[in-house]
Structure formats: C-alpha cells, structure tokens
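Me: I'd like to learn how to read helix packing and chain contacts in a model. Could you walk me through it?

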Amino acid sequence: MMDCGHYRRAMLAEPSNDDAELRRHLATCPECTRYAEQLRRFEDRLDRALRVEMNPPLMEQRVVTPLRAARPRGARPWDPPHRRWLAAAASVLLGTAVAFSLWLAAPGRSLAADVVKHMAEEPNAWAHTDIPVPEPRLDQVLIDSHVRFRVSAGLVSYASSCSFRGHKVPHLVVQTGSGPVTVMVLTHEALRSAMRFNEQGYRGVIVPVRGHGSLAVLERGPDMDIKAVEGVAARVQSALDWTT
Amino acid sequence: MKDPVGGNQRRARFQSLCQSLRPDLLRFAFWLARDRALAEDVVQETMLRAWKAQDSLLDESAAKPWFLTIIRREYARCFERKRFVTVDVEELIAKEEPMLAAADDQELVELRAAMFKLPGEYREPLVMQVLMGLSTAEIAAELGLSNAAVLTRLFRARKQLRVMCGEDTSLDPEE
C-alpha cells in the first residue's frame, strides 16, 4: 500500500505521473489531494515562468548585418579563388537567411505548438459524450473573455478556464458528428491571417477574430479532414456573441 | 540520380519542423545559458548545423531530443571557446532583468530569478521536462543518467525552487 511520502515524492519529481497506484492513493487521501492541488498551481506557474518572450530583432543586428558587411567589395566572380570564396560566403548567407526566415515566421507556428502542447496536458477533455456542460458553468468560463456561446450551435461537453501564455483562456470541447473538437478562445493572440497546423497527431486551424484575437479549433485522430475542421471553426465563430 | 522534387519536399518539411520548434529551443538555450545573447548564438549555430545534418534525422517524432543534443553540444563549444569566468548569479539576474520581467505577475519574476539560482544539474532536466515535454527516459538518455537519477534531480529541483519562492512546503516530503 502506498504511503503519503511515496506519493508526494513521486509527484514532486513528475507531476504529470498518471500511475494507477498514485491515483488510487489520491482518491483516498484528502491531505495528498490538497498537496496535489498545491503542486498543480505551482506547476502551472513554473510552465509560464519558463516561457520567456524571445523577440527576434536582435538576431538581425547581431548575425545577419555583420555577415552582409563582411562581403568583399569589388570581388571578381570569374576569378576562381574569389569564386570559391564567394560560394562559401553565399552558402553561409543562404544558411543564415534560411535560419532568419524561420525566425521571422516563428510566432504563428509557436502559437500552434503551444496550443497542441496544452492539449496534451488535458487528455480527459477529449471524451466522447452527450452530457453537456451546464449553461451557467459555460457562461462563467467565457465571462472573462467577454463572449457567450449560443448552445444551440453545438453540444459543449467540456469547459474550463485554462492558463495559456500567461492568460486565462476558455478551453471548450464541442461534440460534432465526427467526434469531439477542441476550441480555444485566444483573445490575447492577434493573428494576421488564418493558419493550418498538423502537429503531434492534432490537426487544426487558428483563425483571426477581428478585434478579439483569434480562435483555435483542432481535432485529433483520423476521422476528420482539415476542411471539416475549418467548417467547425466557421460554425463556432458564428455562434460566439461578443459582449464588448 | 538525385530527386529534386523529393528533396524540396523534404527540405520544406524540415523547415516547417524548425519553425515549430524554434521558440522553445531558444527558451531552452536561454535557461541553459542564463544569457540571452549567448542563447541566440547557440540556437543560430544549432539551426545551421541541423540544416546541414537534416538527413541524419530519420524520425521526425525524435526531433526534439535531436535538436537538444545539438544545442547542448553547441553550448559546450561556446563555453570552451569563451572560457567564461565564474559569475555572480545576482549579476546574471540583473543583466537579464528584461527577460525575467513579467508584465503583471511578480510571482513569475521571482520564480524566474529562482530558476537562475538553481544549480545547472537540476535546472537542465527541469526545463527539459516542463518546457520541452521530454519524458524521464528521454531526459535520462540525453543526460547520460539513469531514470532514478533523473527523478531525484527533478525532485530536488522542485523542492529547492519551492523553498526559494516561499511556497508553503509544510506538506513537501523529505528526501
């Protein structure tokens, strides 16, 4: 039989540990339940603390500009030794340009990666079910984002206010004919254009919502194609009533 | 004969992979080096090396550990080249203050400063687990440790952080 010390040591080393014996202990121990809640809050803060903002402009100043400045003036491309040198320099510049273009393109991709990472942290949300979240609970989750969801638009089986990139954001699961679809209302994440993603078994779209950030809609598994996900995103978007 | 179409597709996939991983790789390098400029150098070099060696990445699902290995090697190289002298951690915190700032959350600032004070042997596996989402076995493989040793380091890392941040540790277990 597991004791509290064993449980807490295991959780402090690996808070996401989902071992059956640990769960059994948790179900019977109020003190460890309190401890698990403490740890969950600490872990949430730790996750946010590690996600420091890394802005790109310094890269241009520190890496690309000096390389451009290092290019020789008046070099004759038909001169074999110079041509070899230029080829090498071009290779370095090309590699740097590729790396820099990756850097510039990063924010949207990074947002998708963070959405997917968040999904992995809440596996229970994906259950197939026909039990809706009570409307008051749904309203409570959405209230800070100043939005309401018209429940006639679809059965919402899961609603939670989640920490995401330093903000509390609504995380909903809507049941569709092809299975559950997750929706995240990202009022703090402005996006210039819609983007598709397909990462770690999740397919989805993040669409800009004018004046209200963006909306991430994603599914997992082989049942739905990306067009269907986009259709769900459009339906969800039209079912949202913004209150500001 | 080379297959230019297949090659282009492969390069595009690799580019997409780099795009999705880059922000977290930068953050990982930052927590490893505790120095933003150095982290940028390390990730820049890492991307160039990864680009040249992309054919050696046989399984995209193993991309994260693959990149982490390159980053850790690059960091070690930078460390050797620059021959850093021992620095006061409070100086490091002051130098990177803009990076550690959080607009409206003093607790995050304190936690970030505490991360800077955490010994590297505890900080590195913790960042691998929390930020990069690596499993205990993956961290063990990356650091050349046993699973048990990794779990011990993770346990100590959180225990020390919680004390440094003034958390209620009355329920924390003894080692």
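Reply: Happy to; we'll take a pair of helices, then the chain contact, then a single helix. This is a predicted model, where local features need pLDDT of at least 70, side-chain atom pairs count only at pLDDT 80 or more, and totals for chains, interfaces and linings use all residues. Residues are numbered from 1 along each chain as its sequence is written, while chains are lettered from A and ligands numbered from 1 in the order in which they are written.

Me: How do the axes of α3 of chain A and α6 of chain B cross?

Reply: Two packed helices are described by the angle between their axes and the distance between the axes. Here α3(A) (residues 30–50) and α6(B) (residues 106–117) have axes that come within 9 Å and cross at roughly 75 degrees. Axes are lines fitted to C-alpha atoms, for helices over the stretch in contact, with angles from 0 to 180 degrees between N-to-C directions. Helices are DSSP runs (H or I, at least four residues), strands likewise (E, at least two), numbered from the N terminus. That crossing makes α3(A) roughly perpendicular to α6(B) (65 to 115 degrees).

Me: How many residues of chain A are in contact with chain B?

Reply: 37 residues of chain A are in contact with 37 of chain B, contact meaning C-beta atoms, placed from the backbone, within 7 Å. α5(A) gives the most to that side of chain A, with twelve residues.

Me: Which residues of α7(A) are buried?

Reply: They are A:Val229, A:Val232, A:Ala233 and A:Val236 (buried: 20 or more other C-beta atoms within 10 Å of its own; exposed: 12 or fewer). The exposed A:Lys227 and A:Ser238 sit on the face turned away.

Note on methods:
Angles under 35 degrees count as roughly parallel, over 145 as roughly antiparallel, 65 to 115 as roughly perpendicular and the rest as oblique. Two residues are in contact if their C-beta atoms, placed from the backbone, lie within 7 Å.
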